[in-house]
Amino acid sequence: MTRQEKQPAEEPERLSAALAAAAAELAAAGVQSPRTDAELLAAHVLGVPRGRLALVGELSPARARRLHDLVADRAKRVPLQHLVGSTVFLRLELAVGPGVFVPRPETELLAEWGISAARERGPGAVVVDLGSGSGAIALAVAHEVRVARVYAVERAPAALGWLRRNVAVRAAAGDPPVTVVAGDATDSDVLAELDGTVDVLLCNPPYVPSSVGVPPEVAEHDPADAVFGGSDGLAVIGPVIGRAGALLRPGGALGIEHDDTHAAAVRELLAADGRFDRITDHVDLASRPRFCTATRNGGRALDSWQTGTS
């Protein structure tokens with residue numbers, strides 16, 4: 001090539017064509033919502049809401065390359081939320097990425113129940129989110145119930161980084177502060193100073209049985225200890241129930257998410273503990289059992305989850 005010769009200038013790309021190609025590539029890779037993911041990636045590249053994509057005619061060459069790269073990563077089953085750096089939970093945008101569990105829409109139902117329970121208990125209600133991860137549940141409660149005192153407990157160092165980041169961002173936006181506690185949700189020393197005083201306790205524990213196959217986005221990117229709950233999926237739920245019995249005051253409310261095959265098992269664990277009544281199942285939007293709630297009574301624990309008896 002002589003000095004006088006120039007490489008041909010790159011041409012803009014029609015957004016409609018780019019989206020069609022992206023959706024086809026994602027569909028071929030087995031992504032469940034290829035068109036939606038393609039549009040969300042394009043909106044991220046353009047810095048506009050997804051609903052405004054119809055107003056965009058062309059992509060600049062640089063943006064077209066960026067979209068192509070993101071689509072290629074998504075086709076490798078990197079979670080969409082990792083690629084855009086955030087997810088929406090109820091009315092909040094939360095930062096997420098490697099090392100933290102990406103909150104799912106089903107958990108919004110548990111958070112909404114917790115918000116209602118905290119409101120019923122009035123100003124100063126003490127709310128604890130055990131195994132908080134990104135802080136989705138805790139921050140949703142703090143955002144909606146501004147007079148509550150909210151604690152978020154998390155043990156994993158990587159997840160703690162995301163939790164603290166989200167707490168700081170929401171505080172800067174004017175939400176009430178959430179107290180972050182580094183520790184194991186089932187450790188009796190964690191929040192021991194609150195034993196017998198908590199009004200609402202919420203938990204989305206790891207509950208997938210270890211033998212169950214999960215999508216690549218989960219298997220390769222979500223932290224395993226935030227997903228799998230032992231061979232039967234109940235290894236963490238039992239101890240969480242035991243810890244909840246100690247933390248909650250009489251009349252306090254517990255909400256715990258579980259696998260859609262665990263409704264009966266979780267009810268039995270709560271009943272066997274001896275400190276809970278008003279045990280109630282709740283279904284998700286697909287009518288599958290999704291979380292269980294109960295009220296702390298004045299009884300003593302039977303510790304059946306520890307002894308293995310029933």
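Two strands count as paired here if DSSP finds at least two bridges between them. By that yardstick, β9 and β11 make an antiparallel pair, with five bridges between them. The model behind this description is a predicted one.

Zooming out for a moment, the protein chain runs to 310 residues, and 47% of them count as buried. It holds 11 helices and 11 strands, and its C-alpha atoms fill a box of roughly 85 × 45 × 35 Å along the principal axes. Much of the contact map comes from far along the sequence: of the contacts with a separation of 6 or more, 66% are between residues 24 or more positions apart.

The β9–β11 pair belongs to an open sheet of seven strands, and reading across the sheet gives β7-β6-β5-β8-β9-β11-β10, with mixed pairing. At the edges sit β7 (178–182) and β10 (276–283), each of which pairs on one side only. Neighbouring strands in this sheet are turned against each other by 15° on average, ignoring direction.

Moving through the sheet, strand β5 (residues 126–130) runs parallel to strand β8 (residues 198–203), and four bridges join the two. Here Leu 130 stands opposite Cys 203 of β8. On to the next pair: β8 and β9 are also parallel, this time with five bridges, and Val 200 faces Ala 253 in β9. Strand β9 itself is mostly covered, with seven of its 10 residues buried. Its antiparallel partner is β11, where Thr 293 is the bridge partner of Gly 255.

Thr 293 deserves a closer look. This residue lies in strand β11 (residues 289–296). Its relative accessible area is 5%, so Thr 293 is classed as buried, the cut-off being under 20%. The side chain of Thr 293 makes a polar contact of 2.8 Å with the side chain of His 282. Leaving aside residues up to four places away in sequence, Thr 293 touches Trp 113, Leu 254, Gly 255, Arg 278, Ile 279, Thr 280 and His 282. Gly 255, then, turns up both in this list of contacts and as the bridge partner.

Next come the helices that pack on the sheet. Helix α9 (residues 237–247) touches β5, β8, β9 (248–257), β10 and β11, and its direction makes about 155° with that of β9. Helix α10 (residues 263–273) lies across β9, β10 and β11, and runs at about 170° to β10.

These two helices also meet each other. Two packed helices are described by the angle between their axes and the distance between the axes. For α9 and α10, the axes come within 10 Å and cross at roughly 40°, and the crossing is right-handed. On the α9 side the contact is made by Ile 237, Gly 238, Ile 241 and Gly 242, while α10 brings in Val 266, Leu 269, Leu 270 and Asp 273. Sorted by type, the residues of this contact come out as five nonpolar, two polar and one charged.

Elsewhere in the chain, helix α6 (residues 136–144) is mostly covered too, with seven of its nine residues buried. The buried residues of α6 are Ala 136, Ile 137, Ala 138, Leu 139, Ala 140, Val 141 and Ala 142.

Conventions. Residues are numbered from 1 along each chain as its sequence is written. This is a predicted model: local features need pLDDT of at least 70, side-chain atom pairs count only at pLDDT 80 or more; totals for chains, interfaces and linings use all residues. Side-chain values use heavy atoms; hydrogens and water are left out. Buried means under 20% relative accessible area, exposed over 50%, partly exposed in between (1.4 Å probe, protein chains only). A polar contact is a pair of N or O atoms within 3.5 Å; within protein, one must be able to donate a hydrogen and the other to accept it, and residues adjacent in sequence count only if both atoms are side-chain atoms. Contact means heavy atoms within 4.5 Å. Axes are lines fitted to C-alpha atoms, for helices over the stretch in contact, and angles run from 0 to 180 degrees between N-to-C directions. A crossing is left-handed if the near helix is turned anticlockwise from the far one by less than a right angle, and right-handed if clockwise. Ala, Val, Leu, Ile, Met, Phe, Trp, Tyr, Cys and Pro count as nonpolar, Asp, Glu, Lys and Arg as charged, and the others, Gly among them, as polar.
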